[in-house]
Amino acid sequence: MLRARLAVTVGLLLVAAGVAGFATVGRGLHTTSVHAGAVPVELVRPDGAAAGGAARPVVVVVHGYAGSGRLMRPFADTLARRGYVVALPDLAGHGADPERLTEAALDRDLADVVRYVRGLPDVDPARVALVGHSMGAAAVVRAGAADQTIRATVAISVGDDATAAIRPGPRHLLALYGAFEPSGIGATTRATGAERVVRVRLVEHIGVLFADRTHHETARWLDQTLDHRPDRPVIAAKGRLIAGALGLAGGLLILTGGLLAWRTRDPAPPPERGRLGLRIAAVLVAPVPGEVAGVVLYRVLPNPVTGYLVGYFAGCGAALLLAALLIRGPARPARPPLAPLAFAAGFAVAALAAVALPVHFGLTDIAPHGPDWWLVALLAGATAALLAGAHAVLGPPWSYAAVLAVCLPMPVASAVGAAPGFLALISPLVMALVALHLGLCAAARASGIPWGRTVVAGALTIAWPVAVVLPVIG
């Protein structure tokens, strides 16, 4: 009980620190939500900027594939404090924009936003700049090349070879990429013909957005090319991320403390040992039907990455559940339930809140928008099949290793072309969500809670953030 109280106390302190961080990170800034045509846009200005005074330069900051305007908010925290007006759009298929994603829709949305911000009364229409990441980097390069009145462009982690080859390119192009990104992204970024190319140390495809070096290079480049003297030499790359991380750690500790306090009188069941060789073989073979189902569904569902994950998880889970059915020994005697359905539902809601809220407010928009919410339910069902199959074949704690082992082939399949290429970039996110869930499973097992009551929580906490951010392709 002492451990449970300590975990809850520390968790509450961390959550309080995270809330305080969110409350202060936007201090000194004024934020409004508008629409540029049909495109949702968040406008961020220094406090009092719209009340009068000289017109300010404006920067349109464009997210990448599976991102959102909220993911790019740290650039607004940096640039708006330096005196810029910053526009953060949710482009087609992302964030609050339910339109299906196509390259034409992406370019049209960006053009609409540029046209809109040029008409703002506090903006100097001759000093417009673009910043973009990944898919958004390709979009801003195309836009800057097509409209030479755009004074400066910053492209972060360009992955589109055709866009990188456009000549003439944008005026005053700065290109950046992370040192730990796939080599192809670095090569494509260097091939843009940028006036300056920066390799940001010790970061990968998402981490490059939160690196102080990225923000420093971007701010300095825009100051020079837009003839802007910054109000304050501020770099605010990590404030929201830190607040979100504190909230996430605190929520998970509170949940862990609650699980440790919820002790049953029954000891945790021992792991499955009968026919151990067959059980391990089932885990090793399960990725084969998973890969087959993934390849089929990524061609069928409206998002290829979601389709692959649904097929892979469902195929692996079905194989493991069938193996458990064929090789399981005599069933153990049933134990008196502790309101199993109510516990499973409550645990699922608490776990989802502990993960989704900090990610939503500290990283990117993961609120469902549009009519394609059913993809979340589909991926959650496939994830539940995978978790249940692994637990049924080996039982905790060995089933934790089984889940991780089954997930490991996914980035390999992406690298060899047997899965969507973007899967390699989000595999760390998927693995991190799986690891968070397995940590909660370990706390539940320590309290004698059967694994069956944790499956729904795992399915939602893994599937929700992944399925919501992946756009529906037009």
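This briefing describes selected features of one protein structure. The structure is a predicted model. A search of the whole structure finds six aromatic pairs, and the structure also holds 18 salt bridges. The largest nonpolar core has 99 residues, and a second, separate core has 31.

**The β1–β2 hairpin**

- Strand β1 covers residues 29-36 and strand β2 covers residues 39-46; the two run antiparallel and are joined by eight bridges.
- One residue that illustrates this pairing is T31, whose bridge partner in β2 is V44.
- The two strands form a hairpin, with two residues between them.
- G37 lies in the turn and has a positive phi of about 70 degrees.

**Nonpolar cores**

- In soluble globular proteins, nonpolar side chains tend to be buried together.
- Within the core of 99 residues, the members that touch the most other members are V60, L309, F313, L320, M410 and L470.
- The second core, which is separate, includes V59, Y84, V208 and A211.
- Leaving aside neighbours within four places in sequence, V60 is in contact with several residues, among them A87, P89, L110, V113 and V131.

**Aromatic residues**

- Y312 and F313 form a tilted aromatic pair, with 6.4 Å from centre to centre and 55 degrees between the planes.
- Both residues of this pair, Y312 and F313, are buried.
- A single aromatic cluster is formed by W262, F343 and F347.

**Salt bridges**

- R45 forms a salt bridge with D122, and their closest N and O atoms are 2.5 Å apart.
- This pair links distant parts of the chain: R45 is in strand β2, whereas D122 is in the loop between α3 and β5, 77 residues apart.
- R45 and D122 are both buried.
- A salt bridge also joins R240 to D77, with the closest N and O atoms 2.7 Å apart.
- R240 belongs to helix α8 (residues 239-261) and D77 to helix α2 (residues 73-81), so that this pair, 163 residues apart, also links distant parts of the chain.
- R240 has a relative accessible area of 13% and D77 has one of 1%; because buried means under 20%, each of them counts as buried.
- R142 forms a salt bridge with E103, the closest N and O atoms being 4.0 Å apart.
- Because R142 lies in helix α4 (residues 135-146) and E103 in helix α3, the pair ties together parts that are 39 residues apart in sequence.
- R142 is buried, with a relative accessible area of 14%, whereas E103, at 48% relative accessibility, counts as partly exposed.
- Through salt bridges that share partners, E42, R73, D77 and R240 are joined into one network.

**The surroundings of V295**

- V295 lies in helix α10, which covers residues 287-297.
- The relative accessible area of V295 is 26%; because this value falls between the 20% limit for buried and the 50% limit for exposed, V295 counts as partly exposed.
- Leaving aside neighbours within four places in sequence, V295 is in contact with Y308 and A418.
- V295 and D90 are 205 residues apart in sequence and 29 Å apart in space, taken from C-alpha to C-alpha.

Conventions. Residues are numbered from 1 along each chain as its sequence is written. This is a predicted model: local features need pLDDT of at least 70, side-chain atom pairs count only at pLDDT 80 or more; totals for chains, interfaces and linings use all residues. Side-chain values use heavy atoms; hydrogens and water are left out. Two strands pair if DSSP finds at least two bridges between them. Helices (H or I, at least four residues) and strands (E, at least two) are DSSP runs, numbered from the N terminus. Rings of Phe, Tyr and Trp (its six-membered ring) pair if their centres lie within 6.5 Å; planes under 30 degrees apart count as stacked, over 60 as edge-to-face and the rest as tilted. Buried means under 20% relative accessible area, exposed over 50%, partly exposed in between (1.4 Å probe, protein chains only). Contact means heavy atoms within 4.5 Å. A nonpolar core is a set of buried Ala, Val, Leu, Ile, Met, Phe, Trp, Tyr and Cys residues joined through side-chain atoms within 4.5 Å. A salt bridge is a side-chain nitrogen of Lys or Arg within 4 Å of a carboxyl oxygen of Asp or Glu.
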